[in-house]
Each structure stands twice: as C-alpha cells, then as structure tokens.
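Hi everyone, thanks for coming. I'd like to walk you through a structure that is probably new to most of you, so let's get it up on the screen.

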Number of protein chains: 2
Amino acid sequence: MIDTHDRILETAKNLYHEGGFQSVTMRKVAAELDLSATAIYRHFRNKEHLLIALFEDAHRTFTRYLWESLGGGTPLERFRSAGEAYLRFALEEPLYYQMVFMAPSSHLGYEEMPETICEELNRSFHFLVDRVRECMNEGLFTEGVPERTAVAVWAHSHGVISLYLTGQLNDLVGSREEFEAFYWEAMQPLMQGLQPHNGGGRDRS
Amino acid sequence: MIDTHDRILETAKNLYHEGGFQSVTMRKVAAELDLSATAIYRHFRNKEHLLIALFEDAHRTFTRYLWESLGGGTPLERFRSAGEAYLRFALEEPLYYQMVFMAPSSHLGYEEMPETICEELNRSFHFLVDRVRECMNEGLFTEGVPERTAVAVWAHSHGVISLYLTGQLNDLVGSREEFEAFYWEAMQPLMQGLQPHNGGGRDRS
DNA sequence: GTCTATAGGTGGATAGAC
DNA sequence: GTCTATCCACCTATAGAC
C-alpha cells in the first residue's frame, strides 16, 4: 500500500498531462482520490508546495535513470548507455520528461524552482559532458569543446523525443518499438559526423 | 492603426507566454486593452474561437516564413535557406513557435484543431522532404528515405531551438547572435554525417 | 462596438468538528 | 487525517442599455 502523500503526487502528475501545471487543482486531485478538497492540505502546505514536490520528484527520477546507466566498459559504451537511459526515462516517464525538459520556465506559474533542482540539472549535464570528453580523449569523436558537442547531442535526442511526445511523429512511427528504432536511426548521421573521417572510417558502435 | 481584432490576438499571444493556453482569459485580454471583459465577445464568439484564431495565425505565420525562403539556386542553398527560415521564425515569433511545435496536443484544452491546420503542417513537412530529396538526387546527401532523413533534420533543429526557448541553454549562449552561431555550429556534425563520405569529402555549404 | 449588471461555475484556502 | 461549512477571488458567458 502506497501512502497518501505519494498517491497525491501520482495523481498530480497525471493531471499535469491534461493541460500543464494549471490543470493540477487541489480539488481535482482530491476528487481523483475520493478525498475532500481540503484533505490535501494535511499533506502539502499549499498548491505551490505540491507542484514543487512534484517537480523535484521528476528531477530526482531523471537523475536516477541517468546514474543507473553507468557501467559500460568503454567510453563509447558509456556514451550510448547514457543515450539509452535518456530515452528510457522519456518513454517510461513521459510526463516527468515533459516537466523537466519541455516546460517553458514561464509556465511554472511560481517564481523560481529550488536551487537544488538547478544543481541537479547541472550535474546531469556534466555527466553527459564527461561521456563526450571521454570519447574525444580516445579519438572516437572529433576534437572540440566537449560542452558544445554535448549540447548538440542532447539537442538531437531531445528534438526526436519531444516531437514524438507532442504527437508530431504519429504519421511516421506508430508503436513504441518503431519509435525506439527511429530514435537510433536518426542518431546515426550525427554519430557519423562526430567521428573523425580519416578516409572512410565506418566503425559502428 | 491596427484594428481591435488583431490587437486582441496580439494580446492573447503575449498572455499565452505566461502560462500556456489557460493563462489566456477574456478578462485579462480585455484589461490589457482597456476594454471591458465582455467587449471581446463582439470580435470572437467565445474563448475557444479566440484560441483557434490565434493558433491558426501561428500556423499561417510559420507557413509564410517557410515559403518566403524559396529562391536559392542550388538544392543545398534551398535546404539551408529552409533551415534559416525555420530559425528566423523561432527567433522572431518565439511564442508562435511554442504553440506550433512545443505544445503537447493535450494542453490545447479543446478537442481538435481545425483540419486546415493539419493540412498546413503536412504541406510544410513535405516542403522539407522535397528539399532533402533534391539533395539526395544530386548526390549531396547519402541515399535513403527522404521522409526519415527530413525528420532527423527537423528534430535536430527543433531540439536546439526548443532547448534555447525553454531557457535551458542560458549558460551556453547569452545573446541571440551567440545562439544563431551555435545553431549552425550544432548543425555541422549532422550535415557531415548526411554527406556521402567517399574518402574525405569535406565540401562545406 | 462598447458598456454595466448579472448569473453560474471553478478553484485556493481557512476554521472547527470528529 | 479527514470531514463539512464557508469565504473570497477569478473565470466564461448572456442580456440589455447606450
């Protein structure tokens, strides 16, 4: 049995899907759980605190996916593993993905999210930068500024995923399996372009 | 002097920025224009019609940007020109870009947007597919399914732009000029990967 | 084309009983 | 920890005067 605190967060997450943060109302959360509207206030001081808790859970969950991907033996394996974790997070927690990476900061409604979240995102980004730097150091990627290459890779993954999550690839990919295949297919030209092209090197990962 | 109809749309666009479609209220639009709340109803039947009109204007505007980009002499010039138009639309009409490409369909609030909008998006997509196909036919891009390559390119552009518009690249790029430079820099590895690599061909566009 | 008056709905939050 | 009762703010939309 899950405790009410977590069930409230779960319900709020699903309501977020309907229309963003503004669709999460205390009354709807309560109704969904067969509680009175005011019962929620025993678990969260107010709506802002509820949304912040939800946002924090989203980021914590993402961090967990990313860190659990560590373990590959070679830099290229670790790089690919990070991409897999990113994709898995997006597909298994699409609502959290939308909160973390697709919500315009102005849509949060409230001022600023806690500093801890910014730090967590920074650590995640530097995790990716480290994966890129490793590959550069081993000569697997063309030399360059790791941060900028990392953003390019991140943007590419994010672009494919966010078009899918907003339903704009529905004509192209029907099932989740089809989409996973397309994700890696779309990644190929970029990976080719990142590798040094010393006369036709075509070592696929 | 702009007529009230257009000023209402303009105001609604700016309110959208604050918190999505739900932040656009008839009262706030009216207040912004120093009108009574009910005056809006002389120009739009109700809120849904206002939002649809706004959405349609967003798509029309995008189409205009895209079509005005036609004119380059070579397939590669036309391809690059399309990418420039896409970027220009995103930077000059960021709120419209968010509506067209970043809003989860479920956040629209209302059932379905008019069929005309879907058709317009389809035409825009096939415009890009044609640019890709041209380049493939001339041997500038590796042979493949033009639709899938087009999506890969689209996703890449969209990824860079949407991360920027959500404020996630603020540490990397400060000014609009810096971002434009980064947009093309991030595009380079992908372009490299799209070109046939017959022993070190490095013809940049 | 714009106004005021108004009806009816939804949502955030508190107080106090159980 | 959950309830009911309650208040207040804000929203959509209509009716009818000017």
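I'll start with the two domains of chain A and then move on to DNA strand C. Before that, one thing to keep in mind: what you're looking at is a predicted model.

Okay, the domains. Where does the assignment put them in chain A? Domain 1 covers residues 1-44, and domain 2 runs over 54-194. If you take their C-alpha centres, domain 1 and domain 2 of chain A sit 28 Å apart.

They do touch each other. On the domain 1 side of chain A, seven residues make contact, and they meet 10 residues of domain 2 of chain A. People often quote the size of an interface as the accessible area that is lost when the parts come together. Here, domain 1 and domain 2 of chain A bury about 860 Å² between them, and 77% of that is on carbon and sulfur atoms. Which three residues supply the most of what domain 1 of chain A buries against domain 2 of chain A? That would be Lys13(A), Tyr16(A) and Phe21(A), with 69% of that area, more than any other three residues.

Lys13(A) comes up again when we look at charges. There is one salt bridge across this interface between domain 1 and domain 2 of chain A. And Lys13(A) has a salt bridge through its side chain with that of Glu93(A), at 3.0 Å from N to O. Sorting by class, the face of domain 1 of chain A that touches domain 2 of chain A has four nonpolar residues, two polar ones and one charged one.

Now, over to the DNA. How many residues surround DNA strand C? The count is 17, and the closest are Arg27(A), Thr38(A), Ser36(B), Arg42(B) and His43(B), so you see both letters, A and B, in that list. By class, the surface near DNA strand C splits into five nonpolar, seven polar and five charged residues. Helix α2 of chain A, residues 26-32, gives the most to that surface, with three residues.

What part of the DNA is being touched? Of the DNA strand C atoms within 4 Å of the protein, 44% belong to sugar or phosphate, and the rest belong to bases.

Let me finish with some backbone atoms that meet phosphate oxygens of this strand. Met26(A) has a polar backbone atom 2.8 Å from a phosphate oxygen of DNA strand C. For Lys47(A), a backbone N or O atom lies 3.1 Å from one, and for Ser36(B) the distance is 2.6 Å.

Note on methods. Residues are numbered from 1 along each chain as its sequence is written. Chains are lettered from A and ligands numbered from 1 in the order in which they are written. This is a predicted model: local features need pLDDT of at least 70, side-chain atom pairs count only at pLDDT 80 or more; totals for chains, interfaces and linings use all residues. Side-chain values use heavy atoms; hydrogens and water are left out. Domain bounds come from an automatic or database domain assignment. Contact means heavy atoms within 4.5 Å. Buried area is the accessible area (1.4 Å probe) that two parts lose on being put together, summed over both. A salt bridge is a side-chain nitrogen of Lys or Arg within 4 Å of a carboxyl oxygen of Asp or Glu. Ala, Val, Leu, Ile, Met, Phe, Trp, Tyr, Cys and Pro count as nonpolar, Asp, Glu, Lys and Arg as charged, and the others, Gly among them, as polar. A residue is near a molecule or strand if one of its heavy atoms lies within 4 Å of it. A polar contact is a pair of N or O atoms within 3.5 Å; within protein, one must be able to donate a hydrogen and the other to accept it, and residues adjacent in sequence count only if both atoms are side-chain atoms. Helices (H or I, at least four residues) and strands (E, at least two) are DSSP runs, numbered from the N terminus.
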